[in-house]
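Ready to find your way around a new protein? Grab a pencil and take a look at the sequence and the 3D view before you start.

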Amino acid sequence: MLAGLMAAGVDTISTTSLWLLYLLSRNPDKQEKLYQELKPLDSDEDISVNKTASYLKAALKESLRLHPVASIFSRVFTQDIELHGYHIPAGVNILFQNHLGSIDERYFGEDAKQFVPERWLRDLDTENVKSFDPLGSLPFGHGVRMCLGRRVAEAYIYTLLSKIFIKYRVSLSSKQSDVNPILNGGLMRPDREILFKFLLR
């Protein structure tokens with residue numbers, strides 16, 4: 001069981017990091033904004049979750065909204081329920097397509113398919129997140145069945161990406177073609193290899 005959890009963690013963390021690198025490489029203005037927030041941090045020390053730049057947290061949320069690694073959840077009801085006029089008997093296996101809800105314009109507006117980390121940042125004047133339902137995207141699930149490894153995964157990704165973007169400007173190779181998500185082995189992965197260029201700042 002432990003080996004399975006470790007293997008699943010490595011796979012999901014690496015794929016999530018890859019998507020975030022790709023999106024920030026395609027959006028150099030967003031990458032620069034992240035760098036400006038990371039620059040005051042000491043790159044030679046471990047960056048704690050509490051010191052993690054808020055823009056990096058927002059960028060990760062946005063990346064997971066667009067490309068949730070686990071895009072399908074399965075649940076089995078323990079009792080009959082009525083849901084929006086539908087009768088669902090106990091024991092029925094329900095599949096929830098998280099990705100489709102995450103890019104639905106009804107929930108995230110006209111820019112729902114665009115990479116906009118700012119949508120997750122609090123308005124400094126009102127202290128409110130922009131007007132959308134934060135439960136519209138559930139890459140780790142929610143409630144008692146939420147992913148047990150969420151905090152560990154986030155800590156690993158924050159540390160890795162912080163250290164990369166403090167030292168490097170990351171861009172895509174001129175040979176890189178557009179990347180699309182595909183379901184492979186139950187995870188949402190890129191449909192081709194991604195060629196990055198890492199330039200020392």
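Below are some exercises, each with a worked solution.

This is a predicted model, so local features need pLDDT of at least 70, side-chain atom pairs count only at pLDDT 80 or more, and totals for chains, interfaces and linings use all residues. Residues are numbered from 1 along each chain as its sequence is written, and side-chain values use heavy atoms, with hydrogens and water left out.

**Exercise 1: the overall layout**

Work out how many helices and strands the chain has, and in which pattern they follow along the sequence.

*Solution.* Start with the counting rule: helices (H or I, at least four residues) and strands (E, at least two) are DSSP runs, numbered from the N terminus. With that rule, you get six helices and eight strands. Now walk along the sequence and write down each element: α-α-α-β-β-β-β-α-α-α-β-β-β-β. Next, check burial, where buried means under 20% relative accessible area, exposed over 50%, and partly exposed in between (1.4 Å probe, protein chains only). Of the 201 residues in the chain, 38% are buried. Last, look at contacts, meaning heavy atoms within 4.5 Å. Among the contacts in the chain with a separation of 6 or more, 66% join residues 24 or more positions apart.

**Exercise 2: the nonpolar core**

Find which residues have the most contacts inside the largest nonpolar core, and which helices supply at least two residues of this core.

*Solution.* First, the term: a nonpolar core is a set of buried Ala, Val, Leu, Ile, Met, Phe, Trp, Tyr and Cys residues joined through side-chain atoms within 4.5 Å. The largest one holds 31 residues, and Leu20 and Phe165 have the most contacts inside it. At least two residues of this core come from each of helix 1 (2–26), helix 2 (28–38), helix 3 (54–66) and helix 6 (150–167). Now zoom in on Leu20: leaving out residues up to four places away in sequence, Leu20 touches Leu56, Ala59, Leu60, Ser63, Phe115, Ile157 and Leu161.

**Exercise 3: one face of helix 2**

List the residues of helix 2 that are buried, and say where they sit around the helix axis.

*Solution.* Step one is the list: Lys30, Gln31, Leu34, Tyr35 and Leu38 are buried in helix 2. Step two is to look down the axis: these buried residues fall within an arc of 140 degrees (taken from the directions from the helix axis to the C-beta atoms), so they line one face of the helix. A handy reminder: an α-helix has 3.6 residues a turn, so residues three or four places apart point the same way. Step three, pick Gln31, which is buried with a relative accessible area of 3%. Apart from neighbours within four places in sequence, Gln31 is in contact with Leu24, Ser25, Phe165, Tyr168, Arg169, Val170 and Arg201.

**Exercise 4: helix 2 and helix 6**

Are helix 2 and helix 6 roughly parallel or roughly perpendicular?

*Solution.* Axes are lines fitted to C-alpha atoms, for helices over the stretch in contact, and angles run from 0 to 180 degrees between N-to-C directions. For helix 2 and helix 6, the angle is about 95 degrees and the axes are 9 Å apart. Angles under 35 degrees count as roughly parallel, over 145 as roughly antiparallel, 65 to 115 as roughly perpendicular and the rest as oblique. The two helices are therefore roughly perpendicular to each other. Gln31, Leu34, Tyr35 and Leu38 of helix 2 meet Ser162, Phe165 and Ile166 of helix 6. To sort them, count Ala, Val, Leu, Ile, Met, Phe, Trp, Tyr, Cys and Pro as nonpolar, Asp, Glu, Lys and Arg as charged, and the others, Gly among them, as polar. That gives five nonpolar, two polar and no charged residues.

**Exercise 5: two loop residues**

Are Ser71 and His84 buried or exposed?

*Solution.* Ser71 lies in the loop between helix 3 and strand 1. Its relative accessibility is 0%, so Ser71 counts as buried. Setting aside neighbours within four places in sequence, Ser71 is in contact with Phe96, Gln97, Asn98, His99, Leu183 and Met188. His84 is in the loop between strand 2 (81–83) and strand 3 (86–88). At 75% relative accessibility, His84 counts as exposed. Phi of His84 is near 50 degrees, a positive value in a residue other than glycine.
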